[in-house]
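Let's walk through this model together, from the place where its chains meet to a few individual residues. Keep the viewer open as you read.

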Number of protein chains: 2
Amino acid sequence: MSSEIPLSGAQHPQAEEESSKSTSKKAAKKEVAKQEKLRRQQERALAAATSFLSVDDDNDPFAANYGYVPLNDLQSKEEVNLRKWTEVGALVEQLKDQQVLIRGRAQTIRPVSKNMSFVVVREKGLTVQCVVTAQPDVVSRQMVKFVASLSRESIVNVEGVVSVPNDPIRSTTQQQVEVQVRKLYCVNKALPTLPINIEDAARSEAEIERALQAGEQLVRVNQDTRLNYRVLDMRTPANQGIFRIQSQVCNIFRQFLLSEGFVEIHTPKLIAGSSEGGAAVFKLDYKGQPACLAQSPQLHKQMAICGDFGRVFEIGPVFRAEDSYTHRHLCEFTGLDVEMEIKNHYSEVMDMVDRLFVTMFDALNENCKKELEAVGRQYPFEPLKYLRQTLRLRFEEGIQMLKDAGVEIDPYDDLNTEVERKLGQLVLEKYGTEFYILHRYPLAVRPFYTMPCYDDVKYSNSFDVFIRGEEIISGAQRVHVPDFLAERAQAFGIDVSTISTYIDSFRYGAPPHGGFGVGLERVVMLFCGLNNIRKTSLFPRDPLRLAP
Amino acid sequence: MSSEIPLSGAQHPQAEEESSKSTSKKAAKKEVAKQEKLRRQQERALAAATSFLSVDDDNDPFAANYGYVPLNDLQSKEEVNLRKWTEVGALVEQLKDQQVLIRGRAQTIRPVSKNMSFVVVREKGLTVQCVVTAQPDVVSRQMVKFVASLSRESIVNVEGVVSVPNDPIRSTTQQQVEVQVRKLYCVNKALPTLPINIEDAARSEAEIERALQAGEQLVRVNQDTRLNYRVLDMRTPANQGIFRIQSQVCNIFRQFLLSEGFVEIHTPKLIAGSSEGGAAVFKLDYKGQPACLAQSPQLHKQMAICGDFGRVFEIGPVFRAEDSYTHRHLCEFTGLDVEMEIKNHYSEVMDMVDRLFVTMFDALNENCKKELEAVGRQYPFEPLKYLRQTLRLRFEEGIQMLKDAGVEIDPYDDLNTEVERKLGQLVLEKYGTEFYILHRYPLAVRPFYTMPCYDDVKYSNSFDVFIRGEEIISGAQRVHVPDFLAERAQAFGIDVSTISTYIDSFRYGAPPHGGFGVGLERVVMLFCGLNNIRKTSLFPRDPLRLAP
């Protein structure tokens, strides 16, 4: 039995325009007021356009062809589905003159006259123009009036005949066809004024700039407003694309790994005690015991390897209580985790990363063309450059490249975000790829359970993977020898008694193994060249946001 | 960067025997002592059998052919993998006389004489007998001795030649072949005494009973001990089967839904406020804000529908802080959640359940034969009886069947577990199926957001689905009209202001929709006829267990 969880959070229906970093709050407020004014103007215009209409169904012999569907009819009255539905995306020239029944949203309603109204109907981000024309014995003027009075984003059932206009319709995705409406019912009414308009939310920066240069101020919806009204924001073509791409990333990840003999596991997110990290975990009370939320499935996936599953993966939430306010950190994200036995060398793990991601990028480019286009229309980006065999650089080589470019850094320290970006640039110039593996990281900057290199204890059998200069994957061979693991923990100043269960897991015979973790939201963000991880999380959680 | 999370919990290395419900704690303790004694006897026997051996490699010209692999060699020394590995499961008659290299665990070591030792090597639950025979110029006596001294569950690399014995080997899964060992290296040593032995953990109740009748007391490992040493317990053939089947359930679930146009989503587990349920949620502090863990993705999956995704699903953890100590409740489990637009009738949702699960059962029976057999050897069960088209009974019909069988219950109350079992029995007798849908539940026993029936407000457009008399799925059409939803919440005594975000989600145009939630662990438990949900959760969490 599923039970309901209410959400809270700032949800006052108001739209804001994006204030650039340098713009003051005052200017932003002014823009809000301006936009409100604009909306009120639009509404008055709509009211004026439809003022000549007053519904009087009694005089209309075609009254049964339109109207609001009563709730009772939507409570599963009609069990046998005799009606054939067509998806908006399936409306093509070949259907000319055929009767169709569609359901979607009234995206824009344009009353032209007493005799004609246009409605653009949208389903799953795809749109078609529907024409309602008063015609004797078919469509009444009252129906035209009813259609003109619909509120945007309402759900409608439309019955009509497919026609092919002389000129393609520029403003819809189904450009070769229109629907000549015979019947139109409103299934669910949206509020007449929405906190954000879909066309505003769907606008690209370039459009706003072009309009500005032509002297027109278009509404720009900022990231926070989008997230406050995510239900509306999700409806933009770009967001429909982003989350369908995300779904495909998971699908390809799993299909590839299953085909390689991996087993999918589900490890607990509720963990006893509080992690050694302390600050970075969410703590809670578990039936009187101190507990915390898992920062990664690291331990349990390693236990699954010690439990003879050989190769395992998991897709699940990962919780980080860090106070990071960057474009690339979230307090809750989706981790794609992999762990596998190693026969000889940690390169086996890197091989898996290599083949997995080349397969994934190929499949996304092939199977998500429309979605990538939709994202690119709002947020233009260049397709990711990657090689058939993924470039592997040793950490030392990376340091040398940076040195040669005049970047002086400690060769045994971790790379910061800025340096990672720089290295990404150098790699792109030299090797022509935006996707590469950097391995043999300094031991000191990796977690205690990372296996040191056989030939130099200053380095480790570990790697990070980068897309467009940003880290998306971290991986390594793990220490599988319990006494050595305890020694390594001590070297990191960890109280070994607090991790005895972890260490004991390796006392019953443990194969050499390694693995990696991927941030799903980062993969999608960087594959699509987006600038903020909040764009690729359906309901992001950061230090300031816990809603909706 | 993944970080380490330590676990805590009772982890004292001791084995216990299962005490039947009626047996006193005293008897259980006695059994523990008995078993300890047995183990000590076994160890003494092993020590005696190997006492004649003392490794002295200097005198052995074949010393390079065996031994403990030093840690340094396991730190990814050898990058290029020239060695070809064969999986134990791939060892078949056709490989006769061929050289193979395998890695697995020394499951049982049986020293026969100074000249011969047997080792059964296990990989992913599959086993092969390896024979080490002292032979001039090939295998030394010292090597035989080394092999005899191995501790069980140690990881070994074995090189040898496949031979075909005259009689099939009864005790291994690869019955038609043996490996005549040439080289054997121990990659990782297990403790000489393990808290539980795999053969004890793998034993069926029937074996224990048979032995008991023959006067022999075999060790029975109880559920709690298994879970304390899950890393060992996981290695039994039944558990290898259970979790590989679980992996397949997820795979089939997703593949089916993706093929039906569903989008996979990931909703947040960190939720603002504390749910109206109160007692049943885990509460925590989120950066100074009160928060709780999601009891289901209900709200967010509905928001995704309002956000135009049309059809969505999610696989993710679900948290219930209930004090349930039953065989079928966990505090954290894996929810398989589905939500979809409805065109006409909630039967569209039931159609999806029907086709999804018939597809799933077919695929499991077809693709997981070996895994199901492995489970059945330890926990015998009858294959699930299900129809090509899933039986749908109205709640009223179910009540009538119960009435006819002499079970008198309130026709507007929910069914308790016992009554559900009884109904399952009656349905099996009458319709020959152990999988069916019961729908049109009384409105009062469903959550407030459940759509009432169009023709009778005492009933609702909802359903439960049962396997072998136990509920695994709960689903319904939802109320998509915001004002009516508020009215329904009030009728349930819920403060509407606490769920305003939820209700507001439907004010921007909401299509009729419905969905369902499935408990992954329950599906696997009931498909395999297991008696405890802890058997199908890799690391179960219940009110008393938060480790490992």
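In this predicted model, 143 residues of chain A are in contact with 142 residues of chain B, where contact means heavy atoms within 4.5 Å. Because 99% of the interface residues of chain A are also interface residues in chain B, the copies meet through the same surface. Together the two chains bury about 12700 Å², with 56% of that on carbon and sulfur atoms; buried area is the accessible area (1.4 Å probe) that two parts lose on being put together, summed over both.

A word on conventions before we go on. Residues are numbered from 1 along each chain as its sequence is written, while chains are lettered from A and ligands numbered from 1 in the order in which they are written. Since the model is predicted, local features need pLDDT of at least 70 and side-chain atom pairs count only at pLDDT 80 or more, whereas totals for chains, interfaces and linings use all residues; side-chain values use heavy atoms, with hydrogens and water left out.

How are the two copies placed? Chain A can be laid on chain B with an RMSD of 0.0 Å by a turn of 180° and a shift of 0.0 Å along the axis, which is the relation of a two-fold axis. The superposition is by least squares on the C-alpha atoms of residues with pLDDT of at least 70 in both copies. Within chain A, the residue that comes closest to the rotation axis is A:Leu284, its C-alpha lying at 2.5 Å.

Next, the polar side of the interface. There are 10 salt bridges across it, a salt bridge being a side-chain nitrogen of Lys or Arg within 4 Å of a carboxyl oxygen of Asp or Glu. One of these joins A:Arg254 to B:Glu264, with the closest N and O atoms 2.6 Å apart. The interface also has 64 residue pairs in polar contact, both at pLDDT 80 or more. A polar contact is a pair of N or O atoms within 3.5 Å; within protein, one must be able to donate a hydrogen and the other to accept it, and residues adjacent in sequence count only if both atoms are side-chain atoms. On the chain A side, the largest share, 11 residues, comes from helix α7 (residues 237–259). Helices (H or I, at least four residues) and strands (E, at least two) are DSSP runs, numbered from the N terminus. That side of chain A divides into 70 nonpolar, 39 polar and 34 charged residues, where Ala, Val, Leu, Ile, Met, Phe, Trp, Tyr, Cys and Pro count as nonpolar, Asp, Glu, Lys and Arg as charged, and the others, Gly among them, as polar.

For a close-up, try B:His345, in the loop between β12 (332–341) and α9 (347–367) of chain B. At 5% relative accessibility, B:His345 counts as buried; buried means under 20% relative accessible area, exposed over 50%, and partly exposed in between (1.4 Å probe, protein chains only). Which residues does B:His345 contact, leaving aside its neighbours within four places in sequence? They are A:Ser76, A:Lys77, A:Glu78 and A:Glu79. A polar atom of the B:His345 side chain lies 3.2 Å from the backbone oxygen of A:Ser76, and a polar atom of that side chain lies 2.9 Å from the backbone nitrogen of B:Ser347.

Now look at helix α8 (residues 298–306) of chain B: 9 of its 9 residues are buried, so the helix is largely enclosed by the rest of the structure. Just after α8(B), B:Asp308 takes a positive phi of about 80°. B:Asp308 is also linked with A:Arg105, A:Arg122, A:Glu153 and A:Arg235 in a network of salt bridges.

Two salt-bridged pairs in chain B round off the tour. B:Asp200 and B:Arg203 meet at 3.0 Å, N to O; B:Asp200 is buried at 8% relative accessible area, and B:Arg203 is buried at 14%. B:Asp483 and B:Arg507 meet at 3.1 Å, N to O. B:Asp483 lies in helix α13 (residues 482–491) and B:Arg507 in the loop between α14 (500–504) and β17 (513–519), so this pair ties together parts that are 24 residues apart in sequence. Here B:Asp483 counts as exposed at 54%, while B:Arg507 is partly exposed at 23%.
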